[in-house]
Each structure stands twice: as C-alpha cells, then as structure tokens.
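Hello,

Here is the structure we spoke about handing over. Please open it first, then read my notes below.

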Amino acid sequence: MTKDNTSRLLESVVRLTSLRDQHSLEICLIKTLQELIPAGQIRLFEIFRESDKQMLKLLVELDSKRSLESETENHLPHCVEDDPDLTKCFTTGKKQVSTDVSGVRVVHPIAGLNGVIGFLTVRNEAYVEKDQAVAASFLHIYQNYLQLINDNERDTLTGLLNRKTFDERIMAVMSARRAGRRASDIKEVQCCLGILDIDHFKKVNDQFGHLYGDEVLLLFAQIMTRAFRDDDQLFRYGGEEFVVVLKDVDLTIGLTVLERFRKAVESYHFPQVGNITASVGVVAIGEQDLPTTIVGQADQALYFAKENGRNQVCAYERLLQEGKLTSVAPIEGDIELF
C-alpha cells in the first residue's frame with residue numbers, strides 16, 4: 001500500500017470516528033466507501049420487526065447515477081425473507097455474493113448484540129476481493145463506533161434512550177414538524193409526549209428489595225417496547241419514570257395507545273412482585289413549545305392522575321378544558337410522585 005493510500009485510509013477513519021450521532025455516521029460511512037472503492041451502488045439497511053416479520057428500512061443509498069439519498073421514500077421497506085441473499089446473510093451472519101445481469105452484489109451483515117441488525121450491500125460490475133475487504137473493515141469500524149454511541153445514549157438497565165438524549169431528540173421531532181408544516185399547506189398530524197410512572201414503586205423496593213425493583217423496571221421497559229412502534233421514541237427519564245414520544249398521532253389516538261399500554265401493565269404478572277399499575281400524563285406537542293414546557297404540562301397531567309386514584313391516563317389539554325388544571329406549571333421540587 002502506498003503512502004498516499006495509507007494517508008487516505010487514516011483520514012477516513014478519523015472522519016468516521018469524529019461523529020457523535022448515528023445518522024451522520026451512516027452518511028459518512030457510505031461517502032467514505034464511495035471514495036475508497038469503485039461501486040455502482042451502495043445501500044445501508046436497518047432491520048426492524050413488524051408483525052413478527054423482519055422488515056428492512058433503507059437508511060442511506062448511493063447510486064453512481066444519482067446523488068446521496070437518505071431515507072429514500074421511493075424504496076419502501078420490505079421483508080428480509082423476500083430476498084434469498086439477505087435471508088442467508090441474516091441467518092448465518094456471513095457475507096453473501098451473488099451475480100445477475102447487472103453485475104455482482106455483495107451483502108455484508110451489520111452485527112449487533114443479538115445478531116444481525118442490518119446490511120450493507122455493494123453492487124459493481126465485478127467482484128474485487130480487496131475492495132470488499134476494505135468495505136468489511138470500515139463496516140466493522142462503523143459497528144464498533146455505533147455501539148459506543150448507543151451505549152452513551154441508552155440506559156444501562158433497560159436499554160431505552162436515557163435522560164441525556166431526551167432534549168436533543170425532542171428538539172429534532174419538533175424541528176421536523178415545523179419543516180413539514182412549512183413544506184405543505186396540509187396541517188401536520190400532531191405528535192404526543194407521555195410520561196409514564198410506576199405506581200407505588202417505592203413500596204416495591206422496600207418490600208422486595210432493589211434487585212426485584214430493577215427487574216420490574218426492566219420488564220416495564222420491555223412492555224413499552226412491545227406496546228409502541230419502532231418509530232416512537234422511548235426513554236427512561238429517571239428512577240421509575242419513563243417517557244414516550246408518539247410520532248404522527250393526535251391526542252385522541254395518543255390517549256388510546258397509552259390506555260392500551262396501561263392495561264398491558266395492569267394485566268402483567270411481575271415475578272415475585274405480582275401485579276403493578278402505572279399512571280400516565282400526556283400532552284400534544286405544539287410547534288412553538290419548548291421541551292421544558294411540554295414536559296411540565298405532561299407532568300401536571302401525571303400529577304393529577306397520581307393524586308386522583310392512580311392507574312389512569314390523563315391528558316393535559318382535556319384537564320384544562322374541564323377546569324381541573326390551570327395553565328400555570330407546578331414549581332419544580334414541590335411534587336412527590338410516590
């Protein structure tokens with residue numbers, strides 16, 4: 001390898017590992033591979049579950065005839081099992097190579113903690129081993145660095161997003177809504193934020209110990225993961241308090257979804273502990289709201305639910321309409337939710 005090639009590789013590694021969010025990392029990976037290897041098309045896919053099927057979401061695509069595209073609407077997600085190469089790559093965790101009239105396609109697996117979580121596909125006229133070795137090496141760097149980013153963003157016990165990432169994510173949701181509203185005369189569907197709190201959690205710790213308390217938190221998070229969609233954002237906000245951001249739903253639908261979740265918690269038998277319940281406060285996210293305003297309003301609705309029987313879902317807007325709340329946020333530190 002020449003000195004110039006070594007320098008290019010090192011610069012690419014530095015550029016890739018200088019990023020701090022997953023989306024930028026994905027784009028940088030594809031652009032880096034474009035610079036280092038000849039390829040007619042490079043695609044990065046993410047796997048997600050839907051109705052017990054492994055579906056594909058196209059994250060980034062680079063085509064030699066087009067510019068870089070991200071989250072391309074023209075390529076709808078499809079099932080992994082519809083593609084034999086992807087299926088084999090998913091089950092074996094090994095690279096797959098196939099040839100058709102357009103040339104060679106190489107499918108590289110993206111490994112996660114529990115198996116393959118995505119694919120990198122590279123199309124070209126011919127198979128060149130050294131080019132695919134470069135692609136595999138940079139994919140490993142991407143996987144390792146992506147894991148570091150995820151570890152930094154996620155709660156170590158539950159695996160949900162942590163409190164530190166909340167403000168950034170909620171601002172991104174609000175910015176996307178404002179951008180969509182400006183681009184269309186059609187009124188955008190609302191998003192909702194719900195604060196979920198386990199009722200009498202202190203009693204669980206006192207009676208059964210913190211080990212069982214942690215198990216309740218973990219199982220509660222798993223119920224959240226099953227109850228909400230992959231596009232919804234789930235956070236452990238602190239202690240036994242969790243947050244969900246429901247994407248593209250209005251308050252009426254949000255209340256229905258959260259009520260279904262509340263019933264799922266109520267009916268679940270937690271080992272040793274038995275049945276527990278949860279209270280929920282929800283608010284629609286407005287275009288001009290600040291994260292602190294949204295959280296404060298949802299917290300007021302949660303406080304009302306706690307003070308009026310627990311094990312219920314309360315909406316801030318409806319409590320205001322019914323005269324049960326005022327628009328003045330409670331003073332921080334005055335609320336005791338246990």
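**Notes on the model**

Start with Ile-195, which sits in strand 7, residues 191-198. Keep in mind that this is a predicted model.

Ile-195 has a relative accessible area of 1%. Buried means under 20%, so Ile-195 counts as buried. Its contacts reach well along the sequence. Leaving aside residues up to four places away in sequence, Ile-195 touches Glu-241, Phe-242 and Val-243. It also touches Ser-279, Val-280 and Gly-281. Val-295, Ala-298, Asp-299 and Leu-302 complete that list for Ile-195. Take Val-243 as an example. Ile-195 and Val-243 are 48 residues apart in sequence. In space, their C-alpha atoms are 4.6 Å apart.

Next, the aromatic rings. How many aromatic pairs does a search of the whole structure find? The search finds six. One of them joins Phe-166 and Phe-235. This pair is edge-to-face, with 5.2 Å centre to centre and 80° between the planes. It links distant parts of the chain. Phe-166 belongs to helix 5, residues 163-183, and Phe-235 to strand 8, residues 233-238. The two are 69 residues apart. Both Phe-166 and Phe-235 are buried.

Phe-166 also forms an aromatic pair with Tyr-237. That pair is edge-to-face too: 5.3 Å centre to centre, with 80° between the planes. Phe-166 lies in helix 5 and Tyr-237 in strand 8, so the pair ties together parts that are 71 residues apart in sequence.

Are these two residues buried or exposed? Phe-166 is buried, at a relative accessible area of 0%. Tyr-237 has 16% relative accessibility, so it counts as buried as well.

There is also an aromatic cluster to look at. Phe-220, Phe-228, Phe-242 and Phe-261 form it. Phe-242 may ring a bell: it is among the residues that Ile-195 touches.

Now the whole chain. The protein chain has 10 helices and 11 strands. It has 338 residues, and 44% of them count as buried. Consider the contacts between residues at least 6 apart in sequence. Of these, 59% join residues at least 24 apart. The chain exposes about 18,100 Å². Carbon and sulfur atoms supply 51% of that area.

If you have little time, begin with Ile-195 in strand 7, then turn to Phe-166 and its pair with Phe-235.

Best wishes

Technical notes: Residues are numbered from 1 along each chain as its sequence is written. This is a predicted model: local features need pLDDT of at least 70, side-chain atom pairs count only at pLDDT 80 or more; totals for chains, interfaces and linings use all residues. Side-chain values use heavy atoms; hydrogens and water are left out. Helices (H or I, at least four residues) and strands (E, at least two) are DSSP runs, numbered from the N terminus. Buried means under 20% relative accessible area, exposed over 50%, partly exposed in between (1.4 Å probe, protein chains only). Contact means heavy atoms within 4.5 Å. Rings of Phe, Tyr and Trp (its six-membered ring) pair if their centres lie within 6.5 Å; planes under 30 degrees apart count as stacked, over 60 as edge-to-face and the rest as tilted. Accessible areas come from the Shrake-Rupley method with a 1.4 Å probe; for residues, only the protein chains shown count as cover.
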